[in-house]
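Visitor: I am new to this model and should like to understand the terms used to describe it. May I put some questions to you?

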Amino acid sequence: MKKLLVFCLVVLVAATGVYAAGKAFPKRDITNVVVWAAGGGTDVCNRIVSAEMAKILGVNINVINKTGGVGGSVGMAYAFSQPADGYTLAGVSESCVTAGVQGGWDQRMEVWDFFIVGGSPDLISVTPDTPYKSLKDLVEAAKKAPGTIKAGASASGSIHHLNLLAFEKGAGIKLNYIPYPGSAPAQNAAMTGEVSLVITSLAEQQQLIRGGKLRPLAMLIPNDFEVADVGKIPSAFTDYPGLKQYLPISQAIGFAVPAKTPKEVKTVLEGAFKKAMASEAMQKWGKENYYLLSGKTGAEAQKEFNHLESLFAWTLWDLGAAKVDPATLKIPKPAK
Amino acid sequence: MIDTFGIYLQSLGHVVGSPAHLAILFGSVLLGIIFGALPGLTSTLGVALLTAVTYGMDAATAMVCLLSIYVGGTYGGSYSSILINIPGTAASAATALDGYPLALKGQAGRTIGLATTSSAIGTIISMLFLVTVSPIILHFALQFTSFEFFLLAFFGILISGTLTTPDLVIKGWISGFLGLFLSMVGRDRLQFYPRFTFGIPELDGGIEVVPVLIGAFGIPQIIEVLKNRVQVGEIQKLQRILPEFGTILRNVPKIIRSSLIGVGVGCVPGIGEDIAAWVSYGAAKNTSKNPENFGKGEPTAVLSTEVANNACVGGAIIPLLNLGIPGSPPAAMLLGALMLHGVTPGPMITFEHPTFIIECAAILLLASMAMWIVGITLAKQVVKVLRIPAPLFMPIVGLLCIIGSYALGLDITNLYLMIPVGIVCYFLTEMGYPIAPLVIGVILGPMADENLRRALMVTQGSFWPILTRPVALSLVLIIAWLVLVQFPSVKAFKERWAANVLGRFRSSRHGG
């Protein structure tokens, strides 16, 4: 009896072993370590794409949040310390590229391979009782009185601030930039009239625009954007083609695996990611949340993150907000 | 209107009718109370931690869970304030002023009972504001720009200094400015310039509030109790926990005033329960017939602060749901949770999710009722904590203080910060300097600093708007009055004037 039992066990173990060996990646559940807090844009986005990919891969993808440090450095360091076998993903956003110059991360972003879901595009809106009915009105007014029109955006060196700087350069104007601790307070200031214009993402502004609390002037992306109840918001590039040189600077939310992860594993992940991006649920979510879906992977995604890294790192350094000189990290200056 | 009421009842039924919802309701309230009562854990942290847990639930169930934690956490801080004079959260610091003296008089049970009922009433009244007058309140909230935020923060520090000093008011202000100074340490938030960091990278991020809160309140109290061998438990009388109906009825005007303050402060973006409690305490003291009792164990003081800090919950939700701007730190966490569940709060919420605000109101009502039931049940039991001999109990409190400081961010720097702050605060207490203004200074300092400088960036260096904006001007006048009234000559003038005018008023009434 006992022998039989042992035999059965051996067979069972062998069988599962053979099965497991036969089935390639993934054999067990995957963990997605989101470096920002639950409920933030990066978190929500990663939960949605993880759920879709889980269906395709046939295993669970558990999303956890590991916050702290600077630029999500605690979560990134944790995910990077795990074996590079594809079972640990790091849920990241474009702001993570600042971890290096802020002293929380001592490597370049090249050590990761990115899977970019996308992000919500930035736009310029104004307080409804200001005289600026179009982007042209605003730019003309700013040219007449440089440095007087008050512009709100989240903290210096944030993505919205970079968009503001790029817009100033591209349109050849100077605004009076007022920093706020986040997008919500900046938008609040535009509603109270403390600042005349605000630059944040469409996802953050859509409720206020549709409720008539803010007037949208132009999208800071090459294409117009259709918003329910409001209609078409024109691209700023139409009237000011010079912007093309500096914009768009887009959010890049998604996840990453260490670049040294085996190629076969990355291929499986990439396949599932592409399928998930094309799924109806993902498309619907993107539309409802005013996201531009990207779906970039591999070299293409790497290029985008390298660009963001140069841009963020050197802007922060120029603002005096960086602790580490980007040159010591060998981050190239942004191409003009 | 009838439709709205129908939806309201339906939402109530939806929660009450399902055992799972009821379990979540009571469980979250209890968890919130524990988070509030333990120094170092706050309702902000509670809401943040539970947000990820709610991912699998639908939006309404998630709100049951998170609003209950918020309500419970705001109330739970009063336990440690009353029982051991260490506020569990900054929101309940004002409660300790009179709550602890009451416990020393042997009325801990009754005081917790009063705090429980007051908190429940505060939450319910703020819920009524949420469903009825949101648009008016929003209009008020949009009057606040950087100058007003600065003045409000400054006012908060001054008033807590004024209210807490046993002898000279200036000592309270000195303590407040010490806090303000501590809050300047670190990189400034507008231009990232490192201030008072002495090249130490750990100080770059600034000084955390929680270790200061724990160190400043906890350590002096532990030393004090061990030194004087106070045993609060032995003198506790057996008493009814349920407050007499008469007490509540007699204080209806105070309750209404405190709720108005709570809702008003709550709806202003970015500031929360702590200021609401202080302002309400100040209003109660200034209008009381016997202000000399305040600080020595005045039940109406506990009532005023607890009504106000819980009324703040409903107030903070008003701009959150209607504009997407959180009115308090825990509400900022709620914003994340709402986005997680696909509800983007803002002006369009009544079109996209027509019943959502009403559902939230229903949940608030249930949460406050659940909090009341749990609170009254717990009150009798938690008072027994005081029977543990102090030489055993205080080291446990000390351990909790250390864990509480470390748990936040798992950062050892916070411990190095908490202990010296505590020791310095012990000597400050010995010299008669109140501690609460110091903590309030650390909390409101960044807000005062950042907003003043931002306001000057906006006006390009001009202070004029302070006098031309109505809300700013009224705040300036209140602050000026608060300061001037401390000068003996002004004080004497005020009393003479009051006696004169009131005397004439009375005699004219008698004459007529």
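Guide: Let us begin with a definition: the axis of a helix is a line fitted to the C-alpha atoms of the stretch in contact, and the angle between two axes runs from 0 to 180 degrees between N-to-C directions. Please bear in mind that this is a predicted model.

Visitor: Why is H2(B) called oblique to H3(B)?

Guide: The axes of helix H2 (residues 19–37) of chain B and helix H3 (residues 43–53) of chain B cross at roughly 135° and come within 8 Å. Angles over 145 count as roughly antiparallel and 65 to 115 as roughly perpendicular, with the rest oblique apart from those under 35; therefore H2(B) is oblique to H3(B). The crossing of these two helices is right-handed.

Visitor: Which residues of H2(B) and H3(B) meet?

Guide: From H2(B), Leu31(B), Gly32(B), Phe35(B) and Gly36(B) meet Ser43(B), Leu45(B) and Gly46(B) of H3(B). By class, this contact has three nonpolar, four polar and no charged residues. Gly counts as polar.

Visitor: What makes up the contact between the chains?

Guide: Chain A contributes 30 residues and chain B contributes 28 residues. On the chain A side, H6(A) gives the most, with six residues. That side comprises 14 nonpolar, ten polar and six charged residues.

Visitor: How is chain A divided into domains?

Guide: The domain assignment gives domain 1 (26–119 + 251–319) and domain 2 (122–245) of chain A. Their centres, taken over C-alpha atoms, are separated by 28 Å. Eleven residues of domain 1 are in contact with nine residues of domain 2.

Methods: Residues are numbered from 1 along each chain as its sequence is written. Chains are lettered from A and ligands numbered from 1 in the order in which they are written. This is a predicted model: local features need pLDDT of at least 70, side-chain atom pairs count only at pLDDT 80 or more; totals for chains, interfaces and linings use all residues. Two residues are in contact if their C-beta atoms, placed from the backbone, lie within 7 Å. Helices (H or I, at least four residues) and strands (E, at least two) are DSSP runs, numbered from the N terminus. Domain bounds come from an automatic or database domain assignment. A crossing is left-handed if the near helix is turned anticlockwise from the far one by less than a right angle, and right-handed if clockwise.
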